[in-house]
Amino acid sequence: MMTANNHVMETCILAGRIMLKSGAETYRVEDTMAHIAQAAGMDDVYSSVTPSTIILSYCDGDQDHTRMIRVFRGSVDLNKVTLVNQVSRHYVSGQLTLEQAHQHLLEIEQKKPQYPAWMQSLASGFASGSFTVLLGGTIWDMIPTMIAGMLVNKSIVYIEQVMRVKFFTEFLAGCVGGFFVLLMYHLFPDLHLNYMLIGTMLPLFPGMAVTNSLRDILAGDLVAGMSRGVEAVLTALSIAVATALVLSL
Amino acid sequence: MYVLLGLVLSFGSAVAYGMLFNVPVRTLLAGGTVGMLAWLIFKSLPVFGAQIGLATFAAATFISLASQWLSVKLRVPSTNFSTAGIIPLVPGSTAYKTMLSFVNGDYLQGITLAVETCVAAGAIAAGLTLGLSLFSIWKGIVARYAPKSAKAN
């Protein structure tokens, strides 16, 4: 049995969990949950979010309600963030009932990534290849780099399943791509190793962490911003070490 | 010819990076355009004698402003555009040269290049920040919720 009050809490927490897992900024998660709770008629709404926990509390009449959950990282999926944003906006403006909003959120949580896995690795390869040419490589450098970029993307997915250590995953994936490029360079010495190697490491660049950390710091969430910034720096360092390892061979 | 190829590739790499982050389909092309224009700014300013750091800074400011504006227009979070947009600006080659110098034992050159990399990375961060701050004059930085009293607006 679920009372109306419980339902508000469930909906807010669900929205927050999807957003935080999919890589939203913490201030956006806080705002979304607070807006939903306020629109549901709750008083004294406070939410506090760090990159790994969500705390929401509000007052319903003379009763206090607080809930805290721990969120484990998922894969970045900005489409989900956008969809949850829309649902909360529609609910606040009265176009959806609480029941409908909850239903929509459940559907969003189950959603598969928009682009299938092969398309993502193709995109990863293309990003690598085009970055190589942008930096000054030739069209011939593009082809091995594209394959290396796809390898990097695939190996992130597989290594992540085997071991759940974030930075080591990126390091190993960088090594896989780097060694492939090095092999290609030894087979075809006309290629430019430096441009290819830079391009290969591009899909590992922590773009999400950099932008989110800045936005969080500016929004006043210093703790969240700093922790995301540290994440970005550590990722960059593990890529750098992978590059150094490939270069020193 | 080089410019045309660069425009196509920077567009393509921004779109591809957007796909890696699963951005919604309707923001994909807009994100690519932001990346492309940023690359154009980044490459054309040094022609007029600007330092790399300044060019990066200007391009990052543009990315930030453009993605805020697009987020209002398309009603989606602005991260959808800015994450992919900064990709053509990443100081990949100086970072690489830094590692190369360290591996070769040329520590002095390595540290020089490391500082150069940090300047470029800092310029991206500062540019994004400036864009956000400029935009907040118009929109307010985030619609921070305020308990109860401010609910009416």
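**Figure 1. Chain B as a whole: half of its residues are buried.** Of the 153 residues in chain B, buried ones make up 50%. Please keep in mind that this is a predicted model. Chain B has six helices and zero strands, so if you trace the elements from the N terminus you will read α-α-α-α-α-α. Taken along the principal axes, the C-alpha atoms of the chain fill a box of roughly 65 × 35 × 30 Å. Among the contacts in chain B with a separation of 6 or more, 64% join residues that are 24 or more positions apart.

**Figure 2. A close-up of B:V34 in helix α2 of chain B.** Here we step inside chain B, to helix α2, which covers residues 25-44 and holds B:V34. Is B:V34 buried or exposed? B:V34 counts as buried because it has 29 C-beta neighbours inside 10 Å, and the cut-off for a buried residue is 20 or more. Which residues does B:V34 contact once its neighbours within four places in sequence are left aside? They are B:A14, B:I63, B:A66, B:S67, B:F81 and B:G85. For a sense of scale, you can also find B:V90 in this view: B:V34 and B:V90 are 56 residues apart in sequence, and their C-alpha atoms are 15 Å apart in space.

**Figure 3. The contact between chain B and chain A.** Now for the place where the two chains meet. Chain A brings 51 residues to the contact and chain B brings 44. On the side of chain B that touches chain A, the elements giving two or more residues are α1 (2-20), α4 (79-85), α5 (92-103) and α6 (107-139) of chain B. The largest share comes from α1(B), with 10 residues. Sorted by class, this side of chain B has 30 nonpolar, 12 polar and two charged residues.

**Figure 4. The two domains of chain A and where they touch.** Our last stop is chain A, which is divided into domain 1 (4-110) and domain 2 (117-247). How many Å separate the centres of these domains of chain A? Taken over C-alpha atoms, the separation is 33 Å. Where the domains of chain A touch, seven residues of domain 1 are in contact with 10 residues of domain 2. The side that domain 1 of chain A turns to domain 2 of chain A has three nonpolar, three polar and one charged residues.

Conventions
Residues are numbered from 1 along each chain as its sequence is written. Chains are lettered from A and ligands numbered from 1 in the order in which they are written. This is a predicted model: local features need pLDDT of at least 70, side-chain atom pairs count only at pLDDT 80 or more; totals for chains, interfaces and linings use all residues. Two residues are in contact if their C-beta atoms, placed from the backbone, lie within 7 Å. Helices (H or I, at least four residues) and strands (E, at least two) are DSSP runs, numbered from the N terminus. Ala, Val, Leu, Ile, Met, Phe, Trp, Tyr, Cys and Pro count as nonpolar, Asp, Glu, Lys and Arg as charged, and the others, Gly among them, as polar. A residue is buried if 20 or more other C-beta atoms lie within 10 Å of its own, exposed if 12 or fewer, and partly exposed in between; C-beta atoms are placed from the backbone. Domain bounds come from an automatic or database domain assignment.
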